[in-house]
Amino acid sequence: MSTRTIRIGLCGLGTVGQGVWKHLSASRAQLESRLGVKLELHRAAVRDLRKRRAVKIPASKLTDDARAVATDPKVDIVCELIGGTGLAREVTLAALARGKIVVSANKALLCSHGAEIFAAAKKGGGHFFFEASVAGGIPIIKALREGLVANRFRLIYGILNGTCNYILTRMSLEGAPYASILAEAKSLGYAEADESLDVEGWDTAHKASILAFLAHGVWVRTDRMIVEGIDRVTPLDIRTAATLGYGIKLLAVITRDFASNELFVRVHPTLLPKDKVLANVNGVFNGIAVSGDVVGTTTYIGRGAGQDATASAVISDIADAVTLLTTGKVVAMGGDAASFQGRAGRRLRLAPPEHVAGRYYLRMTVKDQPGVLAQIAQITARNRLSIASVIQTAAEPANAASLILTTHQSNERAIRATLSALARLKSVLGKPLLLRIGDFTD
Ligand code: NAP
Ligand code: HSE
């Protein structure tokens with residue numbers, strides 16, 4: 001019997017696409033012997049045919065027509081590695097409509113069009129795999145859909161953006177300036193084409209939305225989350241947090257209260273106690289703590305961005321896709337929306353802000369004059385916000401002070417009301433910075 005050939009088409013040959021090309025070429029013989037097929041990197045689509053590539057690829061295999069790769073009858077597996085939600089959506093839907101398997105690293109697309117993509121896969125007889133969309137090389141999608149299938153998840157929190165963790169780590173260890181570290185993260189291939197997606201928290205929100213879907217069976221739109229980035233975190237915040245015993249990490253936090261059946265998804269820079277495992281996950285690494293009712297808490301750490309880590313996740317999906325093509329078997333709960341939706345349970349709703357509890361860190365620049373602290377205290381008292389500590393240091397401009405408050409337990413409604421009242425005070429200069437304190441009980 002002749003060995004079957006599985007043909008792979010790549011849409012996109014940038015950081016991730018070239019990683020897939022490089023590692024699939026290098027490990028092809030080993031993969032072929034494990035999977036019992038021949039693997040052929042059939043075609044690759046790019047935007048600019050003249051661009052120099054780090055991988056060797058015959059010109060005959062390159063095209064600037066991604067749609068042609070997605071619809072090529074010879075191609076069995078389409079890897080969508082373009083990014084964005086325009087052409088990427090088009091090629092994904094076109095391939096699924098033809099019953100093909102799509103492997104994607106595109107969290108932005110999945111977050112905004114996940115329901116449509118799963119419906120298209122079901123209708124066209126195709127399948128959609130997305131291990132590389134969250135946490136780079138960490139197999140967190142497999143962990144949630146397979147390894148932890150017995151569990152219900154009250155808490156999932158994690159560092160999901162390599163670029164932000166790289167920036168915060170370098171700021172913390174070296175006091176390096178934000179802009180130059182971001183430029184470095186871009187040159188290392190960690191950042192999105194539009195880096196505001198990273199630093200403003202949107203990329204983490206896209207990934208949080210995917211994890212929330214896997215764990216709880218509903219798509220939470222980013223406009224129903226709290227999404228705050230790291231772009232306003234300063235070396236002063238990092239130093240003050242360290243003095244208080246915390247590191248600052250950009251976290252996604254997904255909480256489910258099974259008694260009230262309420263879910264909440266949020267993304268924000270967080271003060272994490274230094275003795276927490278994730279407080280010590282540094283550089284481009286991601287880390288995720290998943291608390292399941294059967295297993296307890298499991299923690300996953302690994303490179304969250306970059307060519308090689310992401311290629312590892314894409315190739316793992318390609319291997320699953322080959323198994324599906326050769327055996328007809330879908331891995332447990334894979335690519336099938338219905339199996340995740342079962343996790344929502346009846347009447348799952350998003351928690352209102354007053355049900356989202358926490359402690360807070362507030363930094364503001366204030367006029368350094370009598371009565372200012374009293375005005376601020378009046379506002380916090382009115383909102384039943386109890387102050388835990390106050391740190392005041394000199395600040396720019398002259399006659400201004402930097403005031404940092406930490407609070408006892410309160411909730412998102414109270415802190416929002418406090419923030420908007422503080423912003424209206426003439427003695428508060430500029431917009432106060434709010435950070436959350438992450439006292440998670442794993
Ligand atoms: P990238 O380096 O910007 O690569 C994008 C690729 O798409 C390039 O090869 C580009 O062609 C091609 N492309 C763009 N527009 C096209 C068009 N109209 N027609 C044909 N090809 C087109 O991006 P990346 O970092 O590899 O990211 C790709 C995807 O993976 C994104 O969804 C991203 O969010 C996701 N991801 C990235 C990482 C990471 O660490 N970089 C990690 C996980 C997930 P040219 O090369 O000719 O410009
Ligand atoms: N820009 C993303 C990050 C790539 O830095 O995490 C990996 O998804």
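Ile-140 touches seven residues beyond its immediate stretch of sequence: Glu-131, Val-134, Ala-135, Leu-211, Ile-288, Val-290 and Tyr-300, where residues up to four places away are not counted. The model described here is predicted.

**Nonpolar cores**

Ile-140 is also one of the residues that touch the most other members of the largest nonpolar core, together with Ile-156, Leu-211 and Val-290. This core holds 79 residues. Helix α10, which spans residues 202-216, gives the most to this core, contributing 8 residues. Another core lies apart from the largest one and has 35 residues, including Cys-79, Val-103, Ala-132 and Ala-311. In soluble globular proteins, nonpolar side chains tend to be buried together.

**Ligand 1**

Ligand 1 is surrounded by 24 residues. Asp-48, Lys-51, Arg-53, Glu-192 and Gly-306 are the closest of these. By type, the shell around ligand 1 consists of 10 nonpolar, 8 polar and 6 charged residues. Gly-14 uses a polar backbone atom to approach an oxygen atom of ligand 1, at 2.9 Å. Lys-107 places a polar side-chain atom 3.0 Å from an oxygen atom of this ligand, and a polar backbone atom of Gly-189 is 3.0 Å from a nitrogen atom of ligand 1. On its own, ligand 1 exposes 900 Å², of which the protein buries 86%.

**Ligand 2**

Around ligand 2 there are 13 residues, and the closest are Lys-107, Thr-163, Tyr-190, Asp-198 and Lys-207. The shell of ligand 2 divides into 4 nonpolar, 4 polar and 5 charged residues. A backbone N or O atom of Gly-162 is 2.8 Å from an oxygen atom of ligand 2. Two acidic side chains approach nitrogen: a polar side-chain atom of Glu-192 lies 2.7 Å from a nitrogen atom of ligand 2, and a polar side-chain atom of Asp-198 also lies 2.7 Å from a nitrogen atom of this ligand. Taken alone, ligand 2 has 260 Å² of accessible area, and the protein covers 93% of that. Helices α7 (162-174) and α10 are the elements that give two or more residues to the shell around ligand 2. Helix α10 is thus named both here and as the element that gives the most to the largest core.

**Polar contacts with the ligands**

The table lists the polar contacts described above.

| Residue | Residue atom | Ligand atom | Distance |
|---|---|---|---|
| Gly-14 | polar backbone atom | oxygen of ligand 1 | 2.9 Å |
| Lys-107 | polar side-chain atom | oxygen of ligand 1 | 3.0 Å |
| Gly-189 | polar backbone atom | nitrogen of ligand 1 | 3.0 Å |
| Gly-162 | backbone N or O atom | oxygen of ligand 2 | 2.8 Å |
| Glu-192 | polar side-chain atom | nitrogen of ligand 2 | 2.7 Å |
| Asp-198 | polar side-chain atom | nitrogen of ligand 2 | 2.7 Å |

Methods
Residues numbered from 1 in each chain as written. Chains lettered and ligands numbered in written order. Predicted model: local features only at pLDDT ≥ 70, side-chain atom pairs only at ≥ 80, totals over all residues. Heavy atoms only, no water. Core = buried A, V, L, I, M, F, W, Y, C linked by side-chain atoms within 4.5 Å. Buried < 20%, exposed > 50% of the residue type's maximum accessible area, 1.4 Å probe, protein only. Helix = DSSP H or I, 4+ residues; strand = E, 2+ residues; numbered from the N terminus. Contact = heavy atoms within 4.5 Å. Near = heavy atom within 4 Å. Polar contact = N/O pair within 3.5 Å; in protein donor to acceptor, adjacent residues only side chain to side chain. Areas by Shrake-Rupley, 256 points an atom, 1.4 Å probe, with all protein chains shown as cover. Nonpolar A, V, L, I, M, F, W, Y, C, P; charged D, E, K, R; others polar.
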